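I opened a fresh notebook page for this chain today. My plan was to look up the overall fold and then follow one strand through it.

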Amino acid sequence: MSNKIRVLVVGLGNMGLSHAKAYHALDGFEIIGLCSRNVENISGLPDELAAYPRFPDYTAALTDLKPDAVSINTYSDTHADFAVQAFEAGAHVFLEKPVAETLADARRVVEAATRCNR
């Protein structure tokens, strides 16, 4: 049995690729999937990340992979919904800033984290 934290990396722009490379290199973490709307057409994906399973659909990735943690590095307008969905799927969340675009959505993220004990 592995003690590694199984991570789904969502968003593969500048920040997402940076996070994916870090998770790839860090002991204690295991990337179990990469998710981006255009994941099959990403140019410049580093060789060390090329073999990981890729998902164009966030909900499918969460359902299929059941990650321990989700690294959310997408556009700000998706942060709140993606974080809440990850918490409700039982995952911990690393969320790039901002947490949300509105105070109401930020409160929704905090409520979901509290409710789901994440």
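Below are my entries, from the whole chain down to a single residue.

**Entry 1, the model.** I noted that this is a predicted model, and I read everything below with that in mind.

**Entry 2, the parts list.** I looked up the secondary structure and found four helices and five strands in the protein chain. Reading from the N terminus, I wrote the order down as β-α-β-β-α-β-α-β-α.

**Entry 3, overall dimensions.** I checked how far the C-alpha trace reaches along its principal axes, and it spans about 40 × 35 × 25 Å. The radius of gyration is 14 Å, which agrees with the value near 13 Å for a compact globule of 118 residues. I also looked up burial: 41% of the 118 residues count as buried. The accessible surface comes to about 6800 Å², and 52% of that belongs to carbon and sulfur atoms. For contacts between residues at least 6 apart in sequence, I found that 57% join residues at least 24 apart.

**Entry 4, the sheet.** In what order do the five strands stand in the sheet? I read 3-2-1-4-5, in an open sheet with parallel pairing. Strand 3 and strand 5 are at the edges with a single partner strand each, so one side of each has no neighbour in the sheet. As a reminder to myself, strands of a sheet pair through backbone hydrogen bonds, either parallel or antiparallel.

**Entry 5, the neighbours of strand 4.** I took strand 4 (residues 69-72) as my strand to follow. On one flank, four bridges join strand 4 to strand 1, and the two run parallel. Here Val7 has Ala69 as its bridge partner, and Val9 stands opposite Ser71. On the other flank, strand 4 is joined to strand 5 (residues 92-95), also by four bridges and also parallel. For this pair I noted Ala69 with His92 and Val70 opposite Val93.

**Entry 6, the crossover.** Next I traced how the chain gets from strand 4 to strand 5, where four bridges link the two. The path goes through helix 3 (residues 76-88), and this β-α-β crossover is right-handed.

**Entry 7, the faces of strand 4.** Are the two faces of strand 4 covered or open? Both are covered: Ala69 and Ser71 are buried on one side, and Val70 and Ile72 are buried on the other.

**Entry 8, a closer look at Ser71.** Ser71 lies in strand 4. Its relative accessibility is 0%, which is why Ser71 counts as buried. Leaving out residues up to four places away in sequence, I listed what Ser71 touches: Val7, Leu8, Val9, Val10, His19, Tyr23 and Phe94.

**Entry 9, helix 2.** Which residues of helix 2 (residues 58-65) are buried? I found Tyr58, Ala61, Leu62 and Leu65. They cover an arc of only 95 degrees around the axis, so they sit on the same side of helix 2. I jotted down the general rule beside this: an α-helix has 3.6 residues a turn, so residues three or four places apart point the same way. The cover over the buried residues of helix 2 includes strand 1 (5-10), strand 2 (29-35), strand 3 (54-55), strand 4 and helix 3. That brought me back to strand 4, one of the elements in that cover, and I closed the page there.

Notes:
Residues are numbered from 1 along each chain as its sequence is written. This is a predicted model: local features need pLDDT of at least 70, side-chain atom pairs count only at pLDDT 80 or more; totals for chains, interfaces and linings use all residues. Side-chain values use heavy atoms; hydrogens and water are left out. Two strands pair if DSSP finds at least two bridges between them. A crossover is right-handed if, with the strands pointing away from the viewer, the path from the first strand over the helix to the second runs clockwise. The radius of gyration is taken over C-alpha atoms; the globule rule is 2.2 Å times the number of residues to the power 0.38. Buried means under 20% relative accessible area, exposed over 50%, partly exposed in between (1.4 Å probe, protein chains only). Contact means heavy atoms within 4.5 Å. Accessible areas come from the Shrake-Rupley method with a 1.4 Å probe; for residues, only the protein chains shown count as cover. The arc is that of the directions from the helix axis to the C-beta atoms.
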